[in-house]
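Work through the exercises below with the structure open. Try each task before you read its solution.

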Amino acid sequence: MKFSIFYFLIETCGLTQSPKTQCRIPSLIRTSSVTHKAAFLRGLADTDFSLVFKKNGRYPVIDFCTCSKALLEDVVEMLLSLGFKGHSGIYRTNRKGTPITRHYLQLNGRMNLEKWMTVIGFTSPIQLFKYGEWIKSGYSSKKNKNPAGLSRPDLRPQPDSNWRP
């Protein structure tokens, strides 16, 4: 039974085995309806995105970071097709002498967050709590760290890519 599920995910859905440096969103999802794209992005966001609040907890930022450039490009393409505007880029560092490349995107500001919650949303209780707190009080009192660690000097973004429609 486990092997058949694994085979289905790899062969039929197009998911990749480790390492995930070249994974992509299956074309079936990339070319699907707005409803299906939103559902896929909601699931991905609940596991791999972060909702943070900067500028004393008042400025919302939705962050995504991956080692797969192709996955980032697919996510950006889907978000553009849903009318989002954001910023993407790359940062490089070393971990125990091994070079690490990360691709990130950010959806900044109130308009992007409100659109996100209308079109895509979160189902993660943590993200929903932070959003609810921000809606009620206008700020998130929880101390939120930048999950991409971009404040560290060795992880500063490289200005390779920006995306805006």
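**Exercise 1: a salt bridge in one helix**

E114 is partly exposed, at a relative accessible area of 33%. Buried means under 20% relative accessible area, exposed over 50%, and partly exposed in between (1.4 Å probe, protein chains only). The model is predicted: local features need pLDDT of at least 70, side-chain atom pairs count only at pLDDT 80 or more, and totals for chains, interfaces and linings use all residues. Residues are numbered from 1 along each chain as its sequence is written, and side-chain values use heavy atoms, with hydrogens and water left out.

Task: Find which side chain meets E114 in a salt bridge.

Solution.
- Step 1. Recall the term: a side-chain nitrogen of Lys or Arg lies within 4 Å of a carboxyl oxygen of Asp or Glu.
- Step 2. The partner is R110, at 3.1 Å from N to O.
- Step 3. Place the pair. Both residues lie in helix α5 (residues 110-119), 4 residues apart, about one turn of the helix. Helices (H or I, at least four residues) and strands (E, at least two) are DSSP runs, numbered from the N terminus.
- Step 4. Check R110. Its relative accessibility is 46%, so R110 counts as partly exposed.

**Exercise 2: a network**

Task: Work out which residues are linked with D74 in a network of salt bridges.

Solution.
- Step 1. R24 forms a salt bridge with D74, and the closest N and O atoms are 2.5 Å apart. R24 sits in the loop between α1 (2-12) and α2 (27-30), while D74 is in helix α4 (residues 69-81), 50 residues apart.
- Step 2. R30 also meets D74 in a salt bridge, at 3.6 Å from N to O. R30 lies in helix α2 and D74 in helix α4, so this pair ties together parts 44 residues apart in sequence.
- Step 3. Join them: R24, R30 and D74 are linked in a network.
- Step 4. Compare accessibility. D74 has 0% and counts as buried. R30 is buried at 19%. R24, at 39%, counts as partly exposed.

**Exercise 3: two rings**

Task: Classify the aromatic pair of F49 and F64: stacked, edge-to-face or tilted?

Solution.
- Step 1. Rings of Phe, Tyr and Trp (its six-membered ring) pair if their centres lie within 6.5 Å; planes under 30 degrees apart count as stacked, over 60 as edge-to-face and the rest as tilted.
- Step 2. The structure holds 7 aromatic pairs. In this one, the centres are 4.6 Å apart and the planes make 25 degrees, so the pair is stacked.
- Step 3. F49 is in strand β1 (residues 49-54) and F64 in strand β2 (residues 59-66), 15 residues apart.
- Step 4. Both F49 and F64 are buried.
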